Amino acid sequence: MVRSIKNPKKAKRKNKGSKRGDGSSSSSSIPSMPTKVWQPGVDKLEEGEELECDPSVYNSLHGFHIGWPCLSFDIVRDSLGLLRTEFPHTVYLVAGTQAEKASYNSIGIFKVSNVSGKRRELVPTTKTSGDTDMDTDSSDSDEDSEDEEDVGTLTPALQLRKVAHEGCVSRIRAMTQNPHICASWSDTGHVQIWDFSAHLNALAQSEAEVNQGGSSVSNQAPLIKFGGHKDEGYAIDWSPRVTGRLVSGDCKNCIHLWEPTSGATWNISNAPFIGHSASVEDLQWSPTEDEVFASCSVDGSIAIWDIRLGKSPAISFKAHNADVNVISWNRLASVMLASGSDDGTFSIRDLRLLSQKQEEDKSVVAHFEYHKHPVTSIEWSPHEASVLAVSSSENQLTIWDLSLEKYEEEEAEFRAKINEQVNAPADIPPQLLFVHQGQKDLKELHWHGQIPGMLVSTASDGFNILMPSNIQSTLPSESA
């Protein structure tokens, strides 16, 4: 898997009217052409054509950068509310840079406030049959805006603090229970744990905007720096059930278990867990069992481990015909495990159907070949058990709902209605909800656990915060 960003360049602030990577349209004398849905890897831009983002399909869409590109980031859980639906939003994140020189790297701890957007009603206001204002989603009229409240006039503010980091940050994760504690993988081969509580507290108390990428870099010693891995790595995960428990995996197929002790210290296993024949690419703890985690590898396999049973996997199976780059364990439906491969495919498995018999793998309940380039990130929604997001190196982030099925009659009726408006590809899987583009060299995505429908993604040209308009989570009532 190609994980690094080619020729990283420090981002520079652009004027408001500058051309963005999403191909915003420019004024020209070229006659308007019928709108078409762009398929990366399938369609080609002809001379004079350019991609144009349709902002109406987002409840919110904002882009920003913190200087150097970031290969990995994590969303930091905050105390602003467990389920937040009202704009404007505030988001806290940590991210690690991939700078041109090793000494330029840092971890960014930052807050993005005033994240504005449109609040849409889940169900449009009911109107009587005689009401002339009644409208449908397929209408060209501007009257459908009555079901929306536009709070998009605010300008998002980025507040940033930086901590020097030795080498590029290959992966960074914030602890679930204590989000100010973060673990980082460095391309120097070290895993480090940090306490960013002072930085997060300062951001929470400050309202002043800091110029993007312009803050000074502070020197801070990590709580612990582990050099026991035999090579650099990318795989790391905090247990969502046992506070402070961590696993880290390297490119030499070794996995180390970190057990928390009293205070800010850890006991790290000297003898690694070994069950793969190549690099360990990703790790995920079980959402329901304290001692169980999953791993995936360049050898094409996925392994399930139980730390009570020794240093070998409880079960291992061939998952893809190429490198398995990423995995995600569904926290709402704990029998479901998603995996993404270097060949662009991703699969969903029901772990109850796993078998040691390699010739009959009946655990795959869904398999998709939509992406044409390596899958770089995959993650289940924390609010909808059937929804997951996938990013690939073809500069595309897709959102899927596995509960959807294809109904021929409804689809034929719908296509007849929109035929003159949109030339949609005929081979779109019915489970595909949304396609987000405009970022170059997408590397990682995360759902926001406290803001339903919000995603954050990182790429070589910066971050996007997005909330697609058709991703509506079923939320509990206020009285619940």
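Let's start in the middle of things: strand β10 pairs with strand β12 (residues 224-226) in the antiparallel sense, over three bridges. One of those links can be traced by hand, since glutamine 192 in β10 has lysine 225 in β12 as its bridge partner. Two words need pinning down here: strands are DSSP runs of E with at least two residues, numbered from the N terminus, and two strands pair if DSSP finds at least two bridges between them. As background, strands of a sheet pair through backbone hydrogen bonds, either parallel or antiparallel.

Before going on, keep in mind that this is a predicted model, where local features need pLDDT of at least 70, side-chain atom pairs count only at pLDDT 80 or more, and totals for chains, interfaces and linings use all residues. Residues are numbered from 1 along each chain as its sequence is written, and side-chain values use heavy atoms, with hydrogens and water left out.

Back to β10, which has another partner to look at. Strand β9 (residues 181-186) pairs with β10 over five bridges, again in the antiparallel sense. Here isoleucine 181 has aspartate 195 of β10 as its bridge partner. The hairpin of β9 and β10 has four residues between the strands, and in this hairpin glycine 189 takes a positive phi near 95°. So is β10 enclosed or not enclosed by the rest of the structure? Four of the five residues of β10 (residues 191-195) are buried, so this strand is largely enclosed. Buried means under 20% relative accessible area, exposed means over 50%, and partly exposed lies in between (1.4 Å probe, protein chains only).

Now jump further along the chain, to an open sheet of four strands in the order β22-β23-β24-β25, with antiparallel pairing. Its edges are β22 (324-329) and β25 (364-368); each has a single partner strand, so one side of each is left without a neighbour in the sheet. Neighbouring strands here are turned by 15° against each other on average, direction ignored. (For angles, axes are lines fitted to C-alpha atoms, for helices over the stretch in contact, and angles run from 0 to 180 degrees between N-to-C directions.) Strand β24 (residues 346-350) runs antiparallel to β25, and four bridges join the two. If you want one to find, try arginine 349, whose bridge partner in β25 is valine 364.

Next comes an open sheet of four strands in the order β26-β27-β28-β29, with antiparallel pairing. Which strands stand at its edges? They are β26 (375-380) and β29 (432-437), and because each has a single partner strand, one side of each has no neighbour in the sheet. From one strand to the next, the twist averages 15°. Five bridges join β26 to the antiparallel strand β27 (residues 387-392), and isoleucine 378 has valine 390 of β27 as its bridge partner.

Some backbone oddities are worth a visit too. Asparagine 395, in the loop between β27 and β28 (396-401), has a positive phi of about 65° although it is not a glycine. Asparagine 114 also has a positive phi, about 60°, but this residue is found in strand β4 (residues 106-115). The peptide bond from phenylalanine 87 to proline 88 is cis, with omega near 0°, and proline 88 is found in the loop between β2 (70-75) and β3 (89-97).
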